[in-house]
Structures are given as structure tokens and as C-alpha cells.
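Colleague: I would like a close look at a single part of this model. Pick one helix and work outward from there.

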Amino acid sequence: MNSYRSDLLTILHSRGYIHQLTDADALDALAAKEIVPGYIGFDPTAPSLHVGHLVSIMMLRRLQRAGHKPIVVMGGGTGKIGDPSFKDEARKLLNDDSIAQNVASIRRVFENFLTFGDGPTDAVMVDNAEWLDRLEYIPFLRDIGQHFSVNRMLSFDSVKMRLDREQSLSFLEFNYMILQAYDFLELSRRVGCRLQMGGSDQWGNIVNGVELGRRVDGAQLFGLTTPLLTNADGSKMGKTVGGAVWLNADQLSDFDYWQFWRNTDDRDVATRLRLFTDLPLDEIARLEALEGAEINEAKKILANEATALCRGADAARTAAETARRTFEEGASGDALPRVPVEGGRIGLVAALVAAGLTASGGEAKRKIGEGAVRVNDTAITDAAHEIRLTGAETKLSLGKKRHAILISA
């Protein structure tokens, strides 16, 4: 179905967010006549979310801008278990203090994308520990567990993958999908939530929640998933040689965040502009038509727009100017990541790892051997080289596009 009545589904479809819908016609009709509260859950397993979560965050932004109510659910309860969906092994279990610290850190990012408040379309953030921590085991099994078929749960791809590979799937993890379904039921009761959204790997969990709401309360709930987002070369978006592309500025510098978007493959630029910026579709179509060297201008616009949304307009301008100075003038800029060096000297391998330019010492040595590493624009091919800081700052480079500044501690 390509012609929707509601602004919500029209926007989501035209910008490429929709993969599966549980009942497109009914949700479209509902969204055309009233405010639809919709949620996405995020387990706080780290102090920051990463670019892999950004499609979900942008969907909540689209929901709000279409006149509906976003609900951000922090998995303070489910985060104690860990979602087994398409994971090779169980997550490390976190204690309550770590989860609370992560939730506080993650909230700062959402405030850049959503408007929070008490109004009918203002976003709210809730923690599923509020209800999951209070559950009593026997009543929960009796009242909720009876609605789930183990046969069906075993048929979900996320579970079958682990079983087919003969990888352990604990009973603890197996309960995750029941708890996620129960979240939807609780949100329906507490805040009138009608829609759950998520990535395509969440389809089975979302359908469970839709069906649980119907069986227990007779509620009409809806589910929507986005396509699995990959790069043009088939790799998973957001995974880089240097590790995860974190959304929080204290986990990844503004410059490196901007540079991630600037380095987008030519073939992915239009898709990224539709999903991760607020640019009008006709402007995106104009940028999509650019060819040759002109596509670099589209990449800079993507980097500016995506960075401004996540880090603020000032951060985007500073990062863009730093990139211009670094690549066009050969100078360094204030937005480059700055690495303090104790005693004014550090080994080249250690410096590359400390700056986040390589993920390990082994990778650092390999890059040095390939001639990809420069100190103050001078190529260094000796892995045993020691950097001595003699001036105010020393520029460390990996390839043509990745840089850091070493400063005396």
C-alpha cells in the first residue's frame, strides 16, 4: 500500500522507514483521526546509544512531527536480562547502579531529537523497571504466561538461529520476549499506547505484544518495523574499524561523528538523507541527482544536518570548519579529538589506540607497516617510533580522513 491517508504513514513510507505493519489500514485510519501514542524500547547496556539506534530515534521524531506522542521506554527491567534477538551469546548482566547511570546518560541524546513535556504530543520517557521489578512470579505465569505458545516462540528466527547453531539460550533470555510483550500491555493500560515500533529483528517480539493486548484486554494495538539497514557493500551500518559510532559527545568527538557521515558511500547518500535528516524530499532528490565530485557536497550536507540534529548546530559548524581546515589547508582544528599525553612522550602504537584511530595494537602495527600513519603530516613506518611532543600540539593521522591531536597532559 503506497497511498496513505494519515500524515504519519505517508511520511514514514516516503522516507523509507516501513518494512512490516500488523494492520496498515486500521493504523492509517486511526492516525488520520486522533493522536497515536507510540513507543520504542531501548535497553541501557552502555552509557550511550550508537548510530545503529538512530533509525528508531528518528522514527520517534517523525511520529512527533506528524502530530503524535512518542514514548521512549528505557529497559531498566529488560536490560537486566538482555534481548537474545539475533545475538550469538548472552549479554553481560548489569547491576541497578550501572543501569541507572546509563539511563541518565542516554536521556541527554533524546532531548536533542524530541520535545519532552506534559502536552498531548510531548514525548515522555518511562522505565519498564517500574512494573517489571514488581512482578510476582506465580501470578505472572498464571495471568500472562498462559497466552504464549512455546512451540511458536521456538519458531521465531531470533530463537531458531541460536538453537540451530547449538549456542546456549538461557531460560532467562527466553523470557525476554514475554517481558517485552508485557511492556506493550502495560503501556497500553498506563498511557494509552497503541503502537510499538522497532527494527525488523523485533518483529516477533512486537507481534507477541499486539496479540497479548488483544487476548488480555481486547485492545487494538499495532506494530511497525523498519528494514534492516546496511551499507551499499552489505556491511552493517554504524560498525567501523574504530568501533561503534556513539551518539553521546563524551563517547565520540563531534568531529569524528561528523566525519562518519561525511565518509558515507556514494550509493548510500540519498537513503541516509531521507532517514537521518529533516531535509525536504525534493531537496534530497536534487542532491541524489548529483554526480562525480559534486556528490561530495551532498555528503557534507548530510554530515552537517545529521550532526546538527544529534550534537547541535554549533557542533556541526565547528566540525565542518575543522574538516575544511584539516583537508583543504592541511591545518588542525579545535574539533579534532584531543588526547592528553603524560610526560610529553608516547609510543606511536599506543598513541593510535589511545586516540581511537585503531582498535588494537595489532591493527596499529599493521597500519604503520602499510604506510598509512603520519605524525605532523610525516609518514612513519617504524612501529617502535616514539612521539615526543615538542610544541603545543602534535597531529596524528591515519589515512587521509582520520586525525587526532596529541597534547601534553
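Modeller: Here is one helix, followed by its surroundings and the chain as a whole.

This is a predicted model: local features need pLDDT of at least 70, side-chain atom pairs count only at pLDDT 80 or more, and totals for chains, interfaces and linings use all residues. Residues are numbered from 1 along each chain as its sequence is written, and side-chain values use heavy atoms, with hydrogens and water left out.

Take helix H18, residues 361–369. Helices (H or I, at least four residues) and strands (E, at least two) are DSSP runs, numbered from the N terminus. Glu363, Ala364 and Ile368 are buried in H18. Buried means under 20% relative accessible area, exposed over 50%, partly exposed in between (1.4 Å probe, protein chains only). Seen down the axis, the buried residues of H18 fall within an arc of 135 degrees, so they line one face of the helix. That arc is taken from the directions from the helix axis to the C-beta atoms. Lys365 and Gly369 are exposed, on the face of H18 turned away from its buried side.

The cover over the buried residues of H18 includes helix H17 (348–354) and strand E11 (373–375). Contact here means heavy atoms within 4.5 Å. Just after H18, Gly371 has a positive phi of about 80 degrees.

Now the whole chain. There are 18 helices and 15 strands. Buried residues make up 49% of the 409 residues. Of contacts between residues at least 6 apart in sequence, 72% join residues at least 24 apart. The C-alpha atoms fill a box of roughly 70 × 45 × 40 Å along the principal axes.
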